[in-house]
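Visitor: I would like a close look at one residue, then at what surrounds it. Please start small and work outward.

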Amino acid sequence: MSENDLVVGEPERLWTGAVWSEGPVWLPALRAVRWSDIPNSRILQWSRETGETVVYDPDAEYTNGRTLDLAGQVVQCSHGHRRVERDVDGTVTSIVDAFEGRRLNSPNDVIVASDGAIWFTDPPYGIQESEVEGHAGEQEYGGCYVFRYVEATGELTPVVTDMTRPNGLAFSPDESVLYVANTGAGAGDADYIRAFDVVDGGVANPRDLGDPGTADGFRVDIEGRIWTSWSRGDTGGAAVWAPDGTELARVEVGERTSNVCFGGPDDDELYVTASTSLYRIRTATTPAPRPEPLG
Ligand code: MG
């Protein structure tokens with residue numbers, strides 16, 4: 001396959017009307033994309049069957065990134081509740097909200113490993129004075145960590161402690177590599193995607209892959225390519241990188257973008273949350289297969 005064949009056709013705008021969209025996940029059973037409109041503190045859901053978008057939750061306490069756990073349930077980050085939580089058919093319960101007795105900042109993005117462990121980033125965007133993306137508050141444990149949480153034991157382990165604004169994260173298909181985006185340029189640091197080797201539930205050997213343009217969130221396809229959001233000024237889109245950071249393709253949608261997810265009946269559609277809108281980009285790839293749901 002030629003690298004230019006990774007993206008099929010032009011991006012389609014499926015819906016618009018949000019303030020800042022982020023945190024998309026494809027729901028196979030509903031054939032729908034669920035995502036957050038963070039400043040409006042609501043959750044939206046677009047149906048691939050009808051093309052309609054509904055407000056799934058009008059009072060969502062500033063949710064952000066989300067994914068599915070091994071049982072296919074939605075796990076999502078909540079700025080307002082300063083926690084990672086699970087939504088089972090509209091009943092939302094806390095998974096983890098504190099580290100060593102101190103509240104988390106405002107979990108931003110989350111992934112679930114094949115062993116069920118929940119990995120998430122915890123920058124402070126949801127506790128800032130502006131209160132645009134949450135409620136003002138203190139950074140109680142004094143850092144912005146990437147954590148690994150094991151529900152069965154309640155063990156919460158910091159795995160990355162030296163990034164200024166860890167944001168999106170994803171594993172390589174075999175989970176031997178963890179990618180984490182840093183959106184630190186606005187905090188006097190830099191924007192980049194960093195790769196780590198995953199070793200015994202932690203990480204080692206950090207190396208920076210570069211900056212596609214404020215990569216906020218991303219997913220990895222079955223060949224290990226990184227499909228990331230990018231933003232520059234008032235525009236943005238999606239970029240495709242090889243695992244070493246070599247750029248393979250780039251798409252522009254005309255708005256700043258925040259995150260992407262694969263979905264659709266064949267899992268080959270890339271859904272992109274972009275400021276006010278939800279876009280779809282048809283691709284010639286799919287994500288790595290997930291383990292079969294438990295139970
Ligand atoms: Mg994010």
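Visitor: Where is D37 found?

Guide: D37 is found in strand β3, which covers residues 32–37. Strands here are DSSP runs of E, at least two residues long, while helices are runs of H or I of at least four; both are numbered from the N terminus. A word on the basis: this is a predicted model, in which local features need pLDDT of at least 70 and side-chain atom pairs count only at pLDDT 80 or more, while totals for chains, interfaces and linings use all residues. Residues are numbered from 1 along each chain as its sequence is written, and side-chain values use heavy atoms, with hydrogens and water left out.

Is D37 buried or exposed? D37 is buried, at a relative accessible area of 0%. The scale is simple: under 20% is buried, over 50% is exposed, and partly exposed lies in between, using a 1.4 Å probe and protein chains only.

Now the neighbours of D37. Skip residues up to four places away in sequence, and D37 touches G17, A18, V19, W20, R42 and L44. A contact means heavy atoms within 4.5 Å.

Next, follow D37 to S275. The two are 238 residues apart in sequence, but their C-alpha atoms are 8.7 Å apart in space. S275 sits in the loop between β25 (269–274) and β26 (277–283). S275 is buried too, with a relative accessible area of 12%. Check its backbone: phi of S275 is near 45°, a positive value in a residue other than glycine. Most residues other than glycine have a negative phi. Y62 also has a positive phi, near 55°. Y62 belongs to the loop between β5 (53–57) and β6 (63–68). With 14% relative accessible area, Y62 is buried.

P58 is in that loop between β5 and β6 as well. P58 counts as exposed, at 63% relative accessibility. Its contacts, leaving aside neighbours within four places in sequence, are N40, S41 and R42. R42 leads back to the start, since D37 and P58 both touch R42. Look the other way from P58, to I222: the pair is 164 residues apart in sequence and 35 Å apart in space, C-alpha to C-alpha.

Turn to the metal. The magnesium ion has four protein donors: E22 (OE), N108 (OD1), N167 (OD1) and D216 (OD), lying 2.0 to 2.2 Å from the ion. Donors are N, O and S atoms within 2.8 Å of the metal (3.2 Å for Na, K and Ca); water is not among the atoms, so sites may look incomplete. In sequence, the donor residues run E-x85-N-x58-N-x48-D. N167 lies in strand β16 (residues 166–171) and D216 in the loop between β19 (202–210) and β20 (218–220), so this pair ties together parts 49 residues apart in sequence. N167 and D216 are both buried.

Move to strand β17, where L178 has its place. L178 is buried, with a relative accessible area of 0%. Its contacts, not counting residues up to four places away in sequence, include I111, W119, L169, F171, F196 and V203. D267 is 89 residues from L178 in sequence and 22 Å from it in space, C-alpha to C-alpha.

A190 is placed in the loop between β17 (177–183) and β18 (191–199). A190 is partly exposed, at 30% relative accessible area. Beyond its sequence neighbours up to four places away, A190 touches N182, T183, G184 and A185. M163 lies 27 residues from A190 in sequence and 9.7 Å from it in space, C-alpha to C-alpha.

Last, step back to the whole. The protein chain has zero helices and 26 strands. Of its 295 residues, 57% count as buried. The C-alpha trace spans about 50 × 45 × 40 Å along its principal axes. Among contacts between residues at least 6 apart in sequence, 46% join residues at least 24 apart. For charge, the chain has 23 positive and 49 negative side chains, with the centres of the two sets 2 Å apart. Lys and Arg count as positive, Asp and Glu as negative; His and the chain ends are not counted. Each charge is placed at NZ of Lys, CZ of Arg, CG of Asp or CD of Glu.
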